[in-house]
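Work through the exercises below with the sequence and the 3D structure open. Try each task before reading its solution.

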Amino acid sequence: MRSRYLLILTAVWLYSGGAQAQSPLPSLTLNVVATNSDGTPVTNLTANDLKVTDDGAKQEITALRPNPSHGPTALVILFDLLNLNMAARGVVWQSIKQAMPEMPASDALYLYLLVKDGSLYPVHGLPPIAGGEQSSEASWIQNIGPLLNTAMNKVNQLRPTDLETQVNLRFQATYNALEKVRGNMAVIPGRKELIWATYGIPSSIRFAGNNWFDCTPLLRQLAARYNQSDIAIYTLDPGVNLNRGQLNRDTLDILTGMTGGRSFGTSDIREAAVRAVADARASYSLTYVPPTDEHAGKFRKVRVTSERRGMHIQAEEGYFTAPAH
């Protein structure tokens, strides 16, 4: 499990016989994905190929280790009925049925519906989730058509009125569902990936009197917990919503950027899954000692780049320092 989460950056002084020594500061480990311009994994990456900046200051890389993997230990698809309109639901519905039989990492593949009341409905859920039309047979993917049709006929309804009209309640319901998905995935060791088919939720909410609530800190904290659980978020935007706004896209960028995932402006589930599996096979653990910060609880931006020609680097974009006590 990676240590990419809230860091305690307080120096501890030890005294012995009048002499004092400073204990080493905690290191920060980032997951880095390195691919060539054609998308193939880079298998010979070295620390000299990379540059890390923390809030704009260059940092020394103390370790770079490949994460050998044949793919993610769990690849979860979350089909978001709460935040997609009817037209988009139909597009994603058909995409899943068509793409699922050809999906990579089929032995580690799971499918949930985020229902309009904010609950999760497992079409094929992570153990020990029960209920729904979950199948325990390996052939469930080949039977995805009737399985998904049965599930959708049960739960594909209009949103409750309060979730439709009160954006803050829909934000909270979605946030809670994403946290529950994270908890279910966290018990599985190794790198895991979530593909969230959605329009997202606003990064800011306007209340009566033209007052705005900034959701960014909450979203960053959620992303930090996903990092701690070794889960990258990939988002799939079907692109058929006339009311979709920049605030929703900001949310998707925050969650994918901070977890080292990617955003896709398509309804093609298979395209996102192929990229997610390839990323798992091209991942490295990069470690450095972050600078101390007197402002506890601050969000620090991290950037990982390379001057190696033709190489693309995907990495988490930041972390939180420890909150004040």
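**Exercise 1. Find which residue caps the N-terminal end of H7, and by what atoms.**

Step 1. Go to Asp-268, the cap of the N-terminal end of H7. A side-chain oxygen of Asp-268 lies 3.1 Å from the backbone nitrogen of Arg-270.
Step 2. Check the cut-off: a polar contact is a pair of N or O atoms within 3.5 Å; within protein, one must be able to donate a hydrogen and the other to accept it, and residues adjacent in sequence count only if both atoms are side-chain atoms.
Step 3. Note the source: this is a predicted model, where local features need pLDDT of at least 70, side-chain atom pairs count only at pLDDT 80 or more, and totals for chains, interfaces and linings use all residues. Residues are numbered from 1 along each chain as its sequence is written, and side-chain values use heavy atoms, with hydrogens and water left out.

**Exercise 2. Compare the span of H7 with the expected span.**

Step 1. H7 covers residues 269–281, which is 13 residues. Helices (H or I, at least four residues) and strands (E, at least two) are DSSP runs, numbered from the N terminus.
Step 2. The expected span is 1.5 Å times one less than the number of residues. For H7 that gives 18 Å.
Step 3. From first C-alpha to last, H7 reaches 19 Å, close to the expected value.

**Exercise 3. List the buried residues of H7.**

Step 1. Apply the cut-off: buried means under 20% relative accessible area, exposed over 50%, partly exposed in between (1.4 Å probe, protein chains only).
Step 2. The buried residues are Ile-269, Ala-272, Ala-273, Ala-276, Val-277, Ala-278, Asp-279 and Ala-280.

**Exercise 4. Describe the surroundings of Cys-215.**

Step 1. Place Cys-215: it sits in the loop between strand S12 (211–214) and helix H5 (216–228).
Step 2. Cys-215 counts as buried because its relative accessibility is 0%.
Step 3. Look for contacts (heavy atoms within 4.5 Å). Setting aside neighbours within four places in sequence, Cys-215 touches Phe-171, Pro-202, Ser-203, Ser-204 and Ile-205.

**Exercise 5. Work out how S11 and S12 pair.**

Step 1. Two strands pair if DSSP finds at least two bridges between them. S11 (residues 204–207) and S12 have four, in the antiparallel sense.
Step 2. One bridge links Ser-204 to Asp-214 in S12.
Step 3. The two strands form a hairpin with three residues between them. In the turn, Gly-209 has a positive phi of about 80°.
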